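User: I would like to go through the assignments in this model and see what each one rests on. Please set each value against its definition.

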Amino acid sequence: MKQFQFNDFPNVTGSRVSLRQITDNDIPDLIEISFYDAVRAENVHQAAEMQARINQDCLDGNSIHWGIVDNETNRMVGTCGYYRGLDKGEGELGCVLLPQHYGKGYMTAGMSLAIDFGLHTMGLKRIWAATSLQNGPAIKLLERLGFVKTADVSDDEIEYEWRKNNDL
Ligand SMILES: CC(C)(COP(=O)(O)OP(=O)(O)OC[C@H]1O[C@@H](n2cnc3c(N)ncnc32)[C@H](O)[C@@H]1OP(=O)(O)O)[C@@H](O)C(=O)NCCC(=O)NCCS
């Protein structure tokens, strides 16, 4: 089922950051946070190949992958998106920041926009995220956004589900 295909890429504008489509010009800045099937790109060529696959997944309605842009500088600071579950009206939210932008609140702002878009524009019935027990910053981020832990998937992997956050 290709439930969430958009004719135009769904850019989302926020007050501090915005979510937008990643273009060829952005790829050199994103190499270290370019992943596909849990493999990280090592150079601009691999990152571009991965981005082409991601674009196809988005066109097929299987995922949405946004670049997070600082509205003041217009530079990308990280990425986030929905990567699984869309065929069931659900979304697994994932995210990654460029390390030089850790600890500035960018991801909280970007994920808030993605959650709001997922709930109110896509009409997702459930939003969840998976992370490692050791990933303190991710757990803190998810809890700050209103996720609660719902499952221990394995010795190391835990799952969180978005419930409600009055600030969103
Ligand atoms: C998970 C990850 C995105 C968290 O990054 P982060 O920088 O902690 O998250 P944010 O950008 O939301 O920043 C929040 C921090 O900025 C601080 N901050 C500073 N200025 C701020 C501002 N203007 N507004 C809001 N927060 C601000 C907050 O107090 C908070 O600090 P704290 O965690 O010490 O309390 C990052 O560690 C990462 O990319 N990890 C690798 C990928 C990963 O693990 N992804 C998770 C998959 S679920």
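User: What makes the shell around the ligand divide into nonpolar, polar and charged residues, and how many fall in each class?

Analyst: The classes follow residue type: Ala, Val, Leu, Ile, Met, Phe, Trp, Tyr, Cys and Pro count as nonpolar, Asp, Glu, Lys and Arg as charged, and the others, Gly among them, as polar. On that basis the shell around the ligand holds ten nonpolar, six polar and two charged residues. This is a predicted model, in which local features need pLDDT of at least 70 and side-chain atom pairs count only at pLDDT 80 or more, while totals for chains, interfaces and linings use all residues. Residues are numbered from 1 along each chain as its sequence is written.

User: Which elements each supply at least two residues of that shell?

Analyst: They are strand S7 (90–97), helix H3 (106–120), strand S8 (126–132) and helix H4 (136–145), where helices (H or I, at least four residues) and strands (E, at least two) are DSSP runs, numbered from the N terminus.

User: Why are S8 and strand S10 called paired?

Analyst: Two strands pair if DSSP finds at least two bridges between them; five bridges join S8 to S10 (residues 157–162), so the two antiparallel strands qualify as a pair. Thr131, for instance, has Ile158 in S10 as its bridge partner.

User: How do you know that S1 and S2 pair?

Analyst: Two bridges join strand S1 (residues 12–13) to S2, so the requirement of at least two is met. These strands run antiparallel and form a hairpin with three residues between them, and Val12 has Leu19 in S2 as its bridge partner.
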